[in-house]
Amino acid sequence: MTNSAPLNIALIGFGTVGSGVARILDTQAAAIASRAGREIRIRRVVVRDASKPRPFLPAGVNVTTDIAEVVNDPDIQLVAQLVGGVDPAYGYMKQFLAAGKDIVTANKALIYTHGAELFQLAAEQGRTIGFEAAVAGGIPIISAVTQALTGNRILSLEAILNGTSNFILTRMLDDKHSYGDVLKEAQALGYAEADPAMDVDGTDAAQKLVILTRLAFSTSVALNDFVRQGIDNLELLDLQVADDLGYKIKLLATARLNDGRLELSVQPTLIRKDRAIAQTSGANNIVAVEGDAVGMVTFSGAGAGQLPTASAVMADLIDYATGRTAVTFQSILRSAQQPSLPIQSPDELTRRYYLRLNVDDRPHVLADITDVLGRNEISISSVRQDETPEDRADGDARLVIMTHRTNEGRFRAADAELEKLACLRGTSIRLPVAE
Ligand SMILES: NC(=O)c1ccc[n+]([C@@H]2O[C@H](COP(=O)([O-])OP(=O)(O)OC[C@H]3O[C@@H](n4cnc5c(N)ncnc54)[C@H](OP(=O)(O)O)[C@@H]3O)[C@@H](O)[C@H]2O)c1
């Protein structure tokens, strides 16, 4: 134990993450005080409904619905902001900073949307913001990029950052279920939100990639700067064909230095099965970072959940108590002042592609399609069409084409022509193949 004065904190939100923080503090108090150099004491909790029972809280903690009680409490130095969504969390953050309080948060949406402004505000007030839990839950990727790997020029970042999508892709292939059926299961198990749109359309992963790109490459990007594609149009057949060919399909977020420019994308991607990213299953996350000095380092584990996310929040609380946050936060602010890297145009992305087309099961279809690809200088490496099952409701054939390396721009031109072909039915899928 230690003789230093306790660190008084407030928890804003006591749901999955907030209760996890209280649980760790309740069960590990002495060890945490020893690591932090002082006791970390929850003094107030702000929630929507103060009448609900709140486990793991020490006796005497004030539970309220009024954030003014935290704003106006001079004994609270640090606020753990664990309410989701942008509003009202954004307004709360500004009030806490204006009142001279430091902040720790797990709120990715907030850091993505208002991070730059809030960091600036914190800097002006001489305050700090810790946000380890905002990206990849329990995986300490923020501290890796802002502390442990700062001796490197980061060359690339490849990651699975959305557990819901990864859970769905894993279960589709393992259980031979359709996308729709597994999505329902994910919702029933609590892995997917009632409205899962941002998870499955790639937005959540893209927002996390934007946060990591700011830190790893000192470059601010907007979602529209790069290709973003979700998993919602994938069929079980895509996963099975990829599997036969030696690949897993994963929702891959990539940021890579390419001739001094930054190449970014979030897309379902075919990844060779022997790679750790391909082997990341269920709701887990993984981040592979390549530094010019260290080479490739890989972090994987739980990207969400009560205790994994609380683990990341606790690390921020302890860093604050020891004074480490102040040092790291200054370094993050200085890094944000570095000149941004130019962003590569999405049309220049150059990879091999997997193309699955739903087509009429009749002669000349293949010739029509290969003609379009050929005229757009897209070279085919293999073509596959399995027999159409008698019981397939739509009666269409599924044609899978693997291409040699080509670029996104050529394919976008070809897409426009393919769409006009009378033989095409429904939604086609085009996915990159990772090197
Ligand atoms: N859950 C995860 O695995 C995970 C992982 C990484 C990051 N995060 C992020 O962590 C944050 C919290 O997530 P969570 O899963 O813990 O959420 P949650 O379980 O829904 O809990 C939210 C908490 O916030 C309180 N709250 C909601 N609106 C409020 C308001 N206007 N004023 C005061 N309190 C309010 C709720 O109060 P009541 O209890 O009274 O309803 C509840 O205690 C989110 O930003 C989320 O994206 C979560």
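A residue counts as buried if 20 or more other C-beta atoms lie within 10 Å of its own, with C-beta atoms placed from the backbone. Keep that cut-off in mind for this tour of a predicted model.

**Stop 1: strand S9**

Select residues 247–258, which make up strand S9. This strand is mostly covered, with 9 of its 12 residues buried. Now add strand S10, residues 261–272. S9 and S10 pair in the antiparallel sense, over 12 bridges. The two strands form a hairpin, and 2 residues sit between them. Pick Asp 259 in that turn: its phi is positive, about 55 degrees.

Next, show strand S7, residues 154–160. S7 and S9 run antiparallel and are joined by 4 bridges. Click Ala 255 in S9, the bridge partner of Leu 157. Ala 255 also has a bridge partner in S10, namely Leu 264. In general, strands of a sheet pair through backbone hydrogen bonds, so switch on the backbone atoms here.

**Stop 2: Asn 162**

Move on to Asn 162, in the loop between S7 and helix H7. Is Asn 162 buried or exposed? It has 29 C-beta neighbours inside 10 Å, so Asn 162 counts as buried. Leaving aside residues up to four places away in sequence, Asn 162 touches Asp 199, Asp 204, Ala 205 and Leu 251. Draw a C-alpha to C-alpha distance from Asn 162 to Gly 151: the two are 28 Å apart in space and 11 residues apart in sequence.

**Stop 3: helix H8**

Select residues 179–188 for helix H8. Colour Tyr 179, Val 182, Leu 183 and Ala 186, which are buried. Look down the axis of H8: these buried residues fall within an arc of 105 degrees, so they line one face of the helix. The face turned away from that buried side carries Gly 180 and Ala 188, both exposed. Show helix H7 (163–175) as well, since the cover over the buried residues of H8 includes H7. Just after H8, stop at Gly 190, where phi is positive at about 85 degrees.

**Stop 4: the parallel sheet**

Go to the open sheet of 6 strands. Which order do the strands take? Reading across, the order is S3-S2-S1-S4-S5-S6, and the pairing is parallel. The edge strands are S3 (62–64) and S6 (129–130), each pairing on one side only. Zoom in on strand S2, residues 40–46. S2 is joined to S3 by 3 bridges, and the two run parallel. One place to look is Val 46, whose bridge partner in S3 is Thr 64.

**Stop 5: the nonpolar core**

Select the largest nonpolar core, which has 129 residues. Ile 9, Leu 11, Val 313 and Leu 317 touch the most other members. Centre on Leu 11. Not counting residues up to four places away in sequence, Leu 11 touches Gly 18, Val 21, Ala 22, Ile 42, Val 45, Ala 80 and Leu 82.

**Stop 6: the ligand**

Finish at the ligand, with 24 residues around it. Which of them come nearest? They are Gly 13, Gly 15, Gly 84, Ala 106 and Ala 304. Colour the shell by class: 11 residues are nonpolar, 9 are polar and 4 are charged. Then select helix H1, residues 16–27. H1 gives the most to the shell, contributing 3 residues.

Key
Residues are numbered from 1 along each chain as its sequence is written. This is a predicted model: local features need pLDDT of at least 70, side-chain atom pairs count only at pLDDT 80 or more; totals for chains, interfaces and linings use all residues. A residue is near a molecule or strand if its C-beta atom, placed from the backbone, lies within 6 Å of it. Ala, Val, Leu, Ile, Met, Phe, Trp, Tyr, Cys and Pro count as nonpolar, Asp, Glu, Lys and Arg as charged, and the others, Gly among them, as polar. A nonpolar core is a set of buried Ala, Val, Leu, Ile, Met, Phe, Trp, Tyr and Cys residues joined through C-beta atoms within 7 Å. Two residues are in contact if their C-beta atoms, placed from the backbone, lie within 7 Å. The arc is that of the directions from the helix axis to the C-beta atoms. Two strands pair if DSSP finds at least two bridges between them.
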